[in-house]
Amino acid sequence: MSLRPFFLWADNTAVSAAIRDSRVLFPIIETIHLFALTVLFGTVIVLNLRLMGVGLRKQSLGTVSRALAPLTFGSLAVMLLSGFALFLSEAMKCYENPPFFFKMTMLFFAIAFHWSVIRWLVRKNGTASRIVSVLAAAVSLTLWFSVGAGGRAIGFY
Amino acid sequence: MSLQDLCHWLQNSEWGTAIRESVWLFPIIEGTHVLALSLSVGTLLVMDLRLAGLLLKKEPVSQVSNQLMPWSLSGFAIMFVTGILLFLSQADKAYGSIWFRLKVLFLLLAGLNAAIFELTLRRRIATWDTQEIPPFRARLAGITGMILWAGVIAAGRTMAYNF
């Protein structure tokens, strides 16, 4: 199955044209994307530092997770929405852009890992072994940073 | 030598030229700059939200900031070094960019905001450490910090566009 028809459709929506025709829309949406990135990665980093036992150690994993989850979830929603708008405006460029596919693959794994393994560890609230927690945090950070690096590479490719 | 001459000289220095002419160096340094941003400003955001009385309200302010500050400062150090390298590679452009000047201004104001907080309310933190909603000036410092860093990020990102 070829993905080309989907990318062609995405490239030709009214939103795509509107963003392309404007000088300021793309930069504005991208800046919102970057704001949300700071919140998303920031909260993911703090949660993972807690998991590894090297940040906010005096607070329980549950406390840290409960406080940060709405920010993580909210900023992810903003990232997906703004990211989709950016994608619409240059869908055919993305189609020929390997970093874009790398980013989407890593994004899928990062989200899946967060909402499976990380959530499972949070529910155990610190009773999991240190090694498992540190490993999981390392995998999570690697996946999210790969998303970020892949995203940055789209513009440079 | 004027500031403009200095920028021109930096841009044409060995390092500035090497970064600009390499296919990989600029993207790698800029990618690192952005990832360090999330470490530095992301952890700062959690501290500022606590200061503003919006997050982790049951936890003492000093506990949240003492445990996260080393990470924030590490991220800031990486951002500073990579930022200087990026600046070297395009110092001429940065000199003429209103966005770069705004970014530096916001950075200085963020530093000033932090310094004022450290020298005033932070000194008396024992008296308000466990308050769910910290004193007005502490909340103001937290919210001002978040706004200024948002300004740093927005101006930095906009620098890359040729308006």
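**Exercise 1. Work out how many helices and strands chain B has, and in what order its elements run.**

Solution. Start with the count: chain B has 7 helices and 0 strands (DSSP runs numbered from the N terminus, helices being H or I of at least four residues and strands E of at least two). Next, read from the N terminus on, and you get α-α-α-α-α-α-α. Then look at the extent: the C-alpha trace of chain B spans about 55 × 30 × 25 Å along its principal axes.

A word on what you're looking at: this is a predicted model, where local features need pLDDT of at least 70, side-chain atom pairs count only at pLDDT 80 or more, and totals for chains, interfaces and linings use all residues. Residues are numbered from 1 along each chain as its sequence is written, while chains are lettered from A and ligands numbered from 1 in the order in which they are written.

**Exercise 2. Find how helix α3 of chain A packs against helix α3 of chain B.**

Solution. First, locate the pair: residues 25–52 in chain A and residues 25–51 in chain B. Their axes are 8 Å apart and the angle is about 80 degrees (axes are lines fitted to C-alpha atoms, for helices over the stretch in contact, and angles run from 0 to 180 degrees between N-to-C directions). That makes α3(A) roughly perpendicular to α3(B), a label for angles of 65 to 115 degrees. Now pick out the contact residues (C-beta atoms, placed from the backbone, within 7 Å): among them are A:L37, A:F41 and A:V46 of α3(A), and B:L37, B:V41 and B:V46 of α3(B). Finally, sort them: 10 are nonpolar, 6 polar and none charged (Ala, Val, Leu, Ile, Met, Phe, Trp, Tyr, Cys and Pro are nonpolar, Asp, Glu, Lys and Arg charged, the others, Gly among them, polar).

**Exercise 3. Track down the largest nonpolar core and what B:V46 touches.**

Solution. The largest nonpolar core (buried Ala, Val, Leu, Ile, Met, Phe, Trp, Tyr and Cys residues joined through C-beta atoms within 7 Å) has 65 residues. Those with the most contacts inside it are A:L40, A:V46, B:V46 and B:W149. Who gives the largest share? That's α3(A), with 13 residues. Now zoom in on B:V46: leaving out residues up to four places away in sequence, it touches A:G42, A:V46, B:L55, B:V64 and B:L68.

**Exercise 4. Decide whether A:V139 is buried, partly exposed or exposed.**

Solution. Place A:V139 in helix α7 of chain A. Then count: 16 other C-beta atoms lie within 10 Å, so A:V139 is partly exposed (20 or more means buried, 12 or fewer exposed, in between partly exposed, with C-beta atoms placed from the backbone).

Note on methods. Parallel < 35°, antiparallel > 145°, perpendicular 65-115°, else oblique. Contact = placed C-beta atoms within 7 Å.
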